[in-house]
Amino acid sequence: ARKRVGERAAPVRNCHECYLLGLLAARALRSRDIPKEDLSRRVQEWGQVRLAVDELRRPEALSAVGIRNAIRAFREEGVLQIRSGGGGLQFDDRAWKHYTNELRTLLLVTEP
């Protein structure tokens, strides 16, 4: 029974890690002026390095669709704003910390 629950939770864990990747990468890339249309690709590249050094556990978190959805969701929530013309990325720090902590907690809770 526990194995089946773990199998069913896998897509949710992948989604959580994808959203966490979006937050962490966007924060790491915040000083760069990245056009909106290139941001998901740059997050993916940043995540590939994290996966290689085991800071990221699930290759599924590198899904371009998942990353775009995460960026859109965090923009809609006001956590992330993309500034063009040298402004880089800006954050609501309190919301960023909240979402980052919640996602990390969810990933710990759902580990097999």
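## Two pockets and a loop residue

The largest pocket draws on several helices: α1 (2-28), α2 (36-52) and α4 (93-109) each give at least two residues to its lining. Keep in mind as you explore that this is a predicted model.

Which helix gives the largest share of that lining? α1 does, with 4 residues. The space in this largest pocket comes to about 270 Å³, and 14 residues line it, with E17, L20, L24, E55 and L107 closest to its centre. By class, the lining holds 7 nonpolar and 7 charged residues, and no polar ones.

Now for the second largest pocket. Its lining is made up of K36, E37, L39, S40, R68, I71, R72, R75 and I82. Here α2 and α3 (64-76) each supply at least two residues.

The table sets out the two pockets by volume and lining class.

| Pocket | Volume | Nonpolar | Polar | Charged |
|---|---|---|---|---|
| Largest | about 270 Å³ | 7 residues | no residues | 7 residues |
| Second largest | about 160 Å³ | 3 residues | 1 residue | 5 residues |

A last stop is S31, which you will find in the loop between α1 and α2. Is S31 buried or exposed? Its relative accessibility is 65%, and because exposed means over 50%, S31 counts as exposed. S31 also has a partner from elsewhere in the chain: its C-alpha atom and that of L89 are separated by 6.6 Å, although the two residues are 58 residues apart along the chain.

Notes:
Residues are numbered from 1 along each chain as its sequence is written. This is a predicted model: local features need pLDDT of at least 70, side-chain atom pairs count only at pLDDT 80 or more; totals for chains, interfaces and linings use all residues. Side-chain values use heavy atoms; hydrogens and water are left out. On a 1 Å grid over the protein atoms alone, a cavity is a set of points where a 1.4 Å probe fits but cannot get out, and a pocket is an open set with protein on both sides within 12 Å along at least five of seven lines; lining residues have an atom within 4 Å of a point. Grid points are joined across faces, edges and corners, and a volume is the space filled by probe spheres set on the points. Ala, Val, Leu, Ile, Met, Phe, Trp, Tyr, Cys and Pro count as nonpolar, Asp, Glu, Lys and Arg as charged, and the others, Gly among them, as polar. Buried means under 20% relative accessible area, exposed over 50%, partly exposed in between (1.4 Å probe, protein chains only).
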